[in-house]
Amino acid sequence: MTEADWRSVMAAVSALPFPPPYQRKDILMLAPQPAVFDADVSYHGDWVEGIHPLYAIEWIRIRPRFLKHVAQRLPPVLVDIQPELERALKAVGHPYNQAADSIWLVGYR
């Protein structure tokens, strides 16, 4: 994807209820960051500064949900925005793959 493509994805994500967490693999990295991303997390993704440089992204794995803290003695609540994320990606015309509770965007093939 070009930098303009990534920027349109970033704009689509900014319209969602929260910025979904993601795992990123750059073309010059041996391993993705964060290394472990198989369970739901309790943080949001940094789609403003943390996603740069855009030209280096090989792929991004998005988990369109997070565990929201409710109260001290209550378990966290799972907040899921997968349908909204899929609609946003379709609206900007970007292909994606869906597997294992994640949405994958490929920068380089």
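This is a short exchange on a predicted model and the terms used to describe it.

The model is predicted, so local features need pLDDT of at least 70 and side-chain atom pairs count only at pLDDT 80 or more, while totals for chains, interfaces and linings use all residues. Residues are numbered from 1 along each chain as its sequence is written, and side-chain values use heavy atoms, without hydrogens and water.

Reader: What makes a run a helix or a strand in the chain?
Author: Helices are DSSP runs (H or I) of at least four residues, and strands (E) of at least two, numbered from the N terminus. The chain has two helices and six strands. Their order is α-β-β-β-β-α-β-β.

Reader: Why is the chain called as compact as a globular protein of that length?
Author: The globule rule is 2.2 Å times the number of residues to the power 0.38, and the radius of gyration is taken over C-alpha atoms. For 109 residues the rule gives 13 Å; the chain has 14 Å, which is close, so the chain is as compact as a globular protein of that length.

Reader: What makes the largest nonpolar core a core?
Author: Such a core is a set of buried Ala, Val, Leu, Ile, Met, Phe, Trp, Tyr and Cys residues joined through side-chain atoms within 4.5 Å. Buried means under 20% relative accessible area, with a 1.4 Å probe and protein chains only. The largest has 21 residues, and Trp47, Ile51, Ile60, Ile62 and Leu85 have the most contacts inside it. Helix H1 (3-14) is among the elements giving two or more residues. H1 gives the most, five.

Reader: Which residues does Leu85 touch, leaving out those up to four places away in sequence?
Author: Contact means heavy atoms within 4.5 Å. On that count Leu85 touches Val13, Leu16, Ile62, Pro64 and Ile103.

Definitions and conventions
Buried means under 20% relative accessible area, exposed over 50%, partly exposed in between (1.4 Å probe, protein chains only).
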